[in-house]
Amino acid sequence: GIRGALVLEPPGPKGLARAAKKVDEKYGGDWLQIRDMARCTVVVPHDFMIEEARRCVRAYFSSPSNGFQLVDDRTVTADSNDAGYSGWTINVVSGGILGEIQINTRILMYAKSLPEFRAAFPGQEAMMSATYPAVAGGLGHILYEVSRDTDHPPAVRSAHARASKLYYSYFRSFPPDYALGSLANTTAAALGYGAWTVMGTRARR
């Protein structure tokens, strides 16, 4: 096993409307190509554990006795992505059904989505907020999603990509870079994003 890791399963498959949009835009309408209808996330405590987790996941799903076949193993670095997105993703297939395993860190889960973080790590939000106080957690997902949503004008997408890159760069910094966090906070606030309520609903300014 992977010391300190936690496997997070979503409450159900990806929503149909969101999946349909992805299939149309990315796969030309071919539903057999979508890879993340069935998915989970392996969350590790620290970024230096990502490669270990990746090796373990690959080894497990490469074993013929488990009934899976390894299809793809992709790494996206923050430097190579306009929105500062990083991802470690392994795709597998079983019985003709594709699935996806993502690997992430605890702090980036806090940055990405507070509802998910609270459900997985109860009682740890205050510690994360105290460690990274310059900007609210939980804004990462919406900033990134708007940046790549073709329904929005290019200028809106570009502004969100810049905000997303600053935001995730702050939460990757250690020790936390307060100046970077302050800039991330100002940039997100200019787009109308503020702190999250206790229920995890984005507050508009």
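Let me begin with a pair of helices, α6 and α7, whose crossing is left-handed. I should say at once that this is a predicted model, and that everything I describe today is computed from it. Two packed helices are described by the angle between their axes and the distance between the axes. For helix α6, residues 140-148, and helix α7, residues 154-172, that angle is about 145°, and the axes lie 7 Å apart.

Which residues of the two helices meet? On the α6 side they are Gly-140, His-141, Leu-143, Tyr-144, Val-146, Ser-147 and Arg-148, and on the α7 side they are Val-156, Arg-157, His-160, Ala-161, Ala-163, Ser-164, Tyr-167 and Tyr-168. If we sort the residues of this contact by character, we find eight nonpolar, five polar and two charged.

Helix α7 also brings us to the interior. The largest nonpolar core has 28 residues, and those with the most contacts inside it are Ile-107, Tyr-110, Tyr-167, Tyr-170 and Phe-171. Two or more residues of this core come from each of α3 (106-112), α4 (114-120), α6, α7 and α8 (178-190). The largest share, six residues, is given by α7.

Let me stay for a moment with Tyr-170, one of the residues I have just named. If we set aside its neighbours within four places in sequence, Tyr-170 is in contact with Tyr-132, Pro-133, Ala-134 and Val-135, and also with Pro-176, Asp-177, Tyr-178, Leu-180 and Gly-181. There is also a second, separate core of 14 residues, which includes Met-49, Ile-50, Ala-53 and Ile-101.

My last topic is the aromatic rings, of which the structure holds eleven pairs. In one of them, Tyr-60 and Phe-61, the ring centres are 5.0 Å apart and the planes stand at 85°, and because an angle over 60 degrees counts as edge-to-face, this pair is classed that way. Are the two partners buried or exposed? Phe-61 has 13% relative accessibility and therefore counts as buried, since the limit is under 20%, whereas Tyr-60, at 45%, counts as partly exposed.

A further edge-to-face pair is formed by Tyr-110 and Phe-117, with 5.4 Å from centre to centre and 75° between the planes, and here both residues are buried. These two rings belong to a cluster, linked by ring pairs, that also takes in Phe-121, Tyr-132, Tyr-167, Tyr-168, Tyr-170 and Phe-171.

Key
Residues are numbered from 1 along each chain as its sequence is written. This is a predicted model: local features need pLDDT of at least 70, side-chain atom pairs count only at pLDDT 80 or more; totals for chains, interfaces and linings use all residues. Side-chain values use heavy atoms; hydrogens and water are left out. Rings of Phe, Tyr and Trp (its six-membered ring) pair if their centres lie within 6.5 Å; planes under 30 degrees apart count as stacked, over 60 as edge-to-face and the rest as tilted. Buried means under 20% relative accessible area, exposed over 50%, partly exposed in between (1.4 Å probe, protein chains only). Axes are lines fitted to C-alpha atoms, for helices over the stretch in contact, and angles run from 0 to 180 degrees between N-to-C directions. Helices (H or I, at least four residues) and strands (E, at least two) are DSSP runs, numbered from the N terminus. A crossing is left-handed if the near helix is turned anticlockwise from the far one by less than a right angle, and right-handed if clockwise. Contact means heavy atoms within 4.5 Å. Ala, Val, Leu, Ile, Met, Phe, Trp, Tyr, Cys and Pro count as nonpolar, Asp, Glu, Lys and Arg as charged, and the others, Gly among them, as polar. A nonpolar core is a set of buried Ala, Val, Leu, Ile, Met, Phe, Trp, Tyr and Cys residues joined through side-chain atoms within 4.5 Å.
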